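Please work through the following exercises with the sequence and the coordinates open beside the text. Each task is followed by a solution that goes step by step.

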Amino acid sequence: MAERGNRPRPRGRTPRRGAPSLTVAGRTLACTVSAAVLGTSGFTWYEYRSLDDGMIKSTALSEAKKNAPPHLDKSVNLLLIGLDSRKDMDGNDLPKQFVEDELHAGSSEIGGYNTNALIVLHIPANGGKVTALSVPRDDYVQTAGADGRMHKIKEAYGIAKEAAEAKLAGKGLSKAELERQSREAGRSATIQTVQSFLDVPIDHFAEVNLIGFYDIAKAVEPIQVCLNHPVDDPIIARTATHEGGGTGLKLPAGVSSLNAAQALSFVRQRHHLTNGDLDRTHRQQAFISSVEYRLKQQGVLNDFGQMQKLFGVIKKDVVIDNEWNILDFAQQAPNLTGGNVEFNTLPIAGFKTIGGQEVNTVNPDLIKKIVRQLFNREPAPAVPAGAPSEAPGETATATPSPSAAPKSVVDVNAVAGAGAASAESKALVELGYQAGRIGDAPARTRATTVTYGSGAKADAQQIAARYGVTAVPSYAVAAGHVVVTLAAGRTPTPTPTTPTAGASASADGSTDPAAGLPMQGPAVKAGGIPCVD
């Protein structure tokens with residue numbers, strides 16, 4: 001059960017599982033918890049205890065550890081959870097006017113206990129480069145908890161929470177106590193689901209909700225972000241036939257300074273983005289980097305007085321596990337505030353409608369191999385043909401690793417011209433695909449597409465995952481060929497520094513184990529203000 005600190009204000013929302021997601025909040029969890037937490041590395045034990053006093057603690061991790069994969073070394077895996085909840089810690093609704101008018105977060109009657117941000121930070125045993133992996137929220141996986149069935153990974157929390165509430169009903173618990181105990185079940189189910197999906201143990205976790213994101217952003221505003229392209233996401237009113245949507249965010253390309261409400265819109269936007277939710281995942285990563293960079297530049301991380309103010313906000317909304325000694329963690333992971341963190345997004349295999357819901361299909365064997373290589377620096381062997389997908393009752397198509405052979409011939413066209421097409425072709429060749437024709441795409445092309453001829457389906461699906469789109473068969477494409485058409489808004493994926501699936505040398509002489517691995521779009525590097533779509 002979560003232990004609570006002082007919390008003077010009630011807030012919340014009426015949940016409705018299965019409703020359109022709000023996404024958010026915890027997108028910034030990493031920066032707020034990690035950055036703020038790490039600032040304690042220069043503080044005394046007494047000062048640390050002063051900061052830690054009143055933090056909301058959870059015992060959910062102890063239950064999850066019973067089913068955790070074994071540890072291979074003394075590294076630490078930290079799970080950051082962004083909870084899409086419009087209720088406070090006691091289950092009270094957030095004011096409707098605040099949610100709808102100030103935050104532009106849609107109707108206060110929609111949403112649920114979805115975990116719309118799941119980021120695993122891997123801190124090596126030697127204190128080296130930190131690897132961060134985002135798990136797309138709509139990945140269709142085997143979930144832990146009450147029913148143990150296939151669901152979107154974001155739903156594991158809400159399903160387990162709802163089942164726990166049903167079991168606790170009639171036991172005379174107060175509304176606040178029922179909320180706390182059922183959320184513990186949600187946290188445990190989420191941790192266990194992530195552990196099983198990635199095949200790694202989770203050592204610590206931190207959770208923040210919608211209002212927590214806003215409060216923390218308010219404490220550190222203005223926050224600078226950078227966009228590759230201008231955005232205009234007008235608000236669409238909810239009607240009887242339309243769920244509504246939009247954030248009202250309108251920003252130019254380049255660097256912009258955001259207030260807390262704009263920051264929330266920045267990490268919530270999914271409409272009018274080339275790759276929808278997948279682009280939003282990169283927004284989360286970039287925002288975390290920007291906040292950490294701002295805190296460091298302002299000297300907050302080494303100023304006890306400023307840290308007290310920041311922790312005063314964090315204590316109201318952030319939940320951490322009761323086994324987490326923040327001071328020890330800060331000393332173990334200095335690179336979290338040194339800019340030596342790289343965010344990657346785990347790849348999907350495609351899209352599918354299951355049970356009336358649009359989901360991301362994934363190749364669980366490939367995911368585990370990618371994570372194993374990134375976290376343990378092991379080579380990732382090719383995924384065997386016929387590896388099962390996450391959709392029950394379907395015949396899966398194997399997703400090849402970068403080292404698998406033979407590879408299809410890939411023709412690349414780009415609205416930006418032959419130069420952009422050539423750069424992307426080179427990146428694909430470095431991944432083992434054969435170079436094909438390079439050309440221009442029609443100026444009217446609005447979305448990136450991947451089409452393929454006979455015999456090239458598996459390669460096409462893997463390539464499509466790079467852009468967050470679905471590969472489509474075409475009789476117009478030659479056998480053994482894949483055609484990639486890059487839209488004007490598509491930034492070519494950076495070329496890996498080596499064609500092998502192993503670690504490659506980076507500019508600073510260190511190794512980058514992610515180079516050559518099939519990720520969902522380019523990596524987002526911390527230590528500044530990264531530009532994203």
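The two exercises below concern a predicted model, and they take up a sheet and a pair of helices.

**Exercise 1.** Determine in which order the strands of the open sheet lie, which strands form its edges, and which helix packs on the sheet.

*Solution.* Begin with the order, which reads β17-β16-β20-β18-β19 for the five strands of this open sheet, whose pairing is mixed. Next, look for strands that pair on one side only, and the edges emerge as β17 (434-440) and β19 (471-473). Neighbouring strands of the sheet are turned against each other by 20° on average, with direction ignored. Then take one pair in detail: β18 (residues 449-452) and β20 (residues 481-486) run antiparallel and are joined by four bridges, and Y452 stands opposite V482 in β20. Finally, helix α14 (residues 457-467) packs on the sheet, where α14 touches β16 (409-414), β18, β19 and β20, and the direction of α14 makes about 175° with that of β18.

**Exercise 2.** Classify the mutual orientation of helices α8 and α9, and describe the residues through which they meet.

*Solution.* First, establish the geometry: the axes of α8 (residues 260-268) and α9 (residues 277-297) come within 7 Å and cross at roughly 140°. Second, apply the cut-off, by which angles over 145 degrees count as roughly antiparallel and 65 to 115 as roughly perpendicular; α8 and α9 are therefore oblique to each other. Third, list the partners, which are A263, F266, V267 and R268 in α8 and R280, R283, Q284 and F287 in α9. Sorted by character, the residues of this contact comprise four nonpolar, one polar and three charged.

Note on methods: Residues numbered from 1 in each chain as written. Predicted model: local features only at pLDDT ≥ 70, side-chain atom pairs only at ≥ 80, totals over all residues. Heavy atoms only, no water. Pairing = 2+ DSSP bridges. Helix = DSSP H or I, 4+ residues; strand = E, 2+ residues; numbered from the N terminus. Axes fitted to C-alpha atoms, helices over the stretch in contact; angles between N-to-C directions. Contact = heavy atoms within 4.5 Å. Parallel < 35°, antiparallel > 145°, perpendicular 65-115°, else oblique. Nonpolar A, V, L, I, M, F, W, Y, C, P; charged D, E, K, R; others polar.
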